[in-house]
Amino acid sequence: MFENVRDRGLHASIRHTHVAPVRRGLVLGGGGTLGATWMIGALRAIEETRGIDVGGAHLIVGTSAGSILAALLGAGAGPEDLWRHQRGQQVEHGPMAGRSFDYDQAAGGAAPPLPIPGIGSPRLIARSVRHPRRYPGTAVLSAFMPPGRGSLGDIGRMVEDVIPSGAWSPHPGIRIVAMDYDSGQRVVFGQAGSPPVGLAEAVVASCSIPGWFPPARVGERRFVDGGTLSNTNLDLLCAGELPGGKPLDEVYVLAPSAARGYDKPSSVMGRLERGYRHLVTRQMLQEVIKVRKDGTKVTILCPGPEDLEALGANLMDPSRRVDVLDTARRTVAASLAAEHETDAAFAPPTR
């Protein structure tokens, strides 16, 4: 009898105990056409392996290709919707239902049109000369790139199909990152004090790769790809950067331009691409350290050797989409199931 009374009391106490919701962050990095595809496979794996509603994260930071996915998740599209839509399958419910999109040609294909002769941002070059330690090398390099001729009109229209023109996301925690092309300042659209723009405008700004696409104009200002400053911009989720200064409980980082283990491509372009990945990975890990100092659990997800083989050396090559999608779903699920990797797994190979 006493056993039953004790059990009833225990069950009652459990029912009346308030469990605070997990304050979760989701970081979606840059990576071109295939980077977006890889992240969709990864999001599907998170949903299936962890049972997490990724679109319900407290804050979602999207940079470049990640900004597109942040916009769609914030509008209510789930990983399975994004997965099916990428494969040309019908989506029955939600913002993607009944909508078609040409993923292969949305960004103009695997190679950019010839750019306009000239220098993209003389002002940023001058600023970097006066303050050489203020700007990362990728930002300075972007300033020297000639203005691109590519078009992001299809991507802007895709966002406007799910979010009315000029409106922001129904999800209050969507953050879209771009760089002011003349000042080199990081601008976080959706954050208090940022320029008032619609979500589609912000996504186009964040995706405007220097030399491939022209800078996006918002009023008198010009913006380019947020990845020119940081491929993930994970440090925006440090407690000191958050409203109220309260740290998040956990953060998932999807970084398709970083690497978890490396392959050894034979082509010059492949070796250069892997070198760039090393730089992205190193910067990302520095940002991870900052966020973890607040006590936030950070789960890093990025391509491993099998993914790199599927991705190839050109992240804008749409012919690899389906293989990348399937590979990411499998490898990320395995990585999440293992849960034993340390940051040493992200180090480049020894020569």
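This passage goes through the nonpolar cores, the open pocket, the enclosed cavities and the salt bridges of a predicted model.

The natural place to start is the packing. In soluble globular proteins, nonpolar side chains tend to be buried together. Here, the largest nonpolar core takes in 69 residues. The members that touch the most others in this core are Leu-26, Leu-28, Trp-38, Leu-43, Leu-82, Phe-189 and Leu-254. Helix α2, running over residues 32–50, hands over the largest share of the core, nine residues. Apart from this, there is a separate second core of 23 residues, with Leu-59, Leu-236, Val-253 and Ala-258 among its members.

Leu-26 deserves a closer look. Setting aside neighbours within four places in sequence, Leu-26 is in contact with Leu-43, Val-54, Ala-57, Leu-59, Ile-60, Val-61, Leu-73, Tyr-252 and Leu-254. Two of these partners, Leu-43 and Leu-254, are themselves listed with Leu-26 among the residues touching the most other core members. Another partner of Leu-26 is Leu-59, which belongs to the second core.

Leu-26 also turns up at an enclosed space. The search of the whole structure gives two cavities of 30 Å³ or more, and the second largest comes out at about 40 Å³. Its lining consists of Arg-24, Gly-25, Leu-26, Ile-46, Ile-52, Val-54 and Tyr-252. Strand β1 (residues 24–28) provides the largest share, three residues. Sorted by class, this lining holds five nonpolar residues, one polar and one charged. Val-54 and Tyr-252, both part of the lining, are also contacts of Leu-26.

The largest cavity has a volume of about 290 Å³. Around it sit 25 lining residues, and Gly-32, Thr-33, Ala-36, Ile-68 and Ile-155 are those nearest the centre. Helices make a clear showing here: α2, α3 (65–74), α4 (79–86) and α7 (153–162) each put at least two residues into the lining. Of the contributors, α2 gives the most, five residues. So helix α2 has a part in both settings, with the largest share of the main core and the biggest contribution to the lining of the largest cavity. The class split for this lining is 18 nonpolar, five polar and two charged.

Moving on to open space, the largest pocket encloses about 1200 Å³. Its lining counts 39 residues, and Thr-138, Leu-141, Ile-209, Asn-231 and Tyr-276 are the closest to the centre. Helices α6 (137–144) and α9 (268–292) each supply at least two lining residues. The biggest contributor is α9, with 10 residues. As for chemistry, the pocket lining has 19 nonpolar, 16 polar and four charged residues.

That leaves the charged groups. Side chains of opposite charge can pair when their charged atoms come close. In the whole structure, 13 salt bridges are found. One of them joins Arg-277 and Glu-273, with N and O 2.9 Å apart. Both residues lie in helix α9, and because they are four residues apart, about one helical turn separates them. Arg-277 has a relative accessible area of 0% and is therefore buried. Its partner Glu-273, at 10%, counts as buried too, since the cut-off is under 20%.

A second helical pair sits in α2, where Arg-44 and Glu-48 are four residues apart, about one turn of the helix. Their salt bridge has its closest N and O atoms 3.4 Å apart. Arg-44 is buried at 10% relative accessible area, whereas Glu-48, at 41%, is partly exposed. Glu-48 also has a salt bridge to Arg-329, at 2.4 Å from N to O. This one links distant parts of the chain, as Arg-329 belongs to helix α11 (residues 321–338) and Glu-48 to α2, 281 residues apart. Arg-329 is partly exposed, at 26% relative accessibility. Taken together, Arg-44, Glu-48 and Arg-329 are linked in a network of salt bridges.

Lastly, there is Asp-182, located in the loop between β3 (174–180) and β4 (186–189). Its relative accessibility is 16%, so Asp-182 counts as buried. Beyond its neighbours within four places in sequence, Asp-182 is in contact with Ser-121, Arg-123, Leu-124, Arg-127 and Arg-222.

Notes:
Residues numbered from 1 in each chain as written. Predicted model: local features only at pLDDT ≥ 70, side-chain atom pairs only at ≥ 80, totals over all residues. Heavy atoms only, no water. Core = buried A, V, L, I, M, F, W, Y, C linked by side-chain atoms within 4.5 Å. Buried < 20%, exposed > 50% of the residue type's maximum accessible area, 1.4 Å probe, protein only. Contact = heavy atoms within 4.5 Å. 1 Å grid on protein atoms, 1.4 Å probe; cavity = no way out; pocket = protein on both sides within 12 Å on 5 of 7 lines; lining within 4 Å. Points joined across faces, edges and corners; volume = space filled by probe spheres on them. Nonpolar A, V, L, I, M, F, W, Y, C, P; charged D, E, K, R; others polar. Salt bridge = Lys/Arg side-chain N within 4 Å of Asp/Glu carboxyl O.
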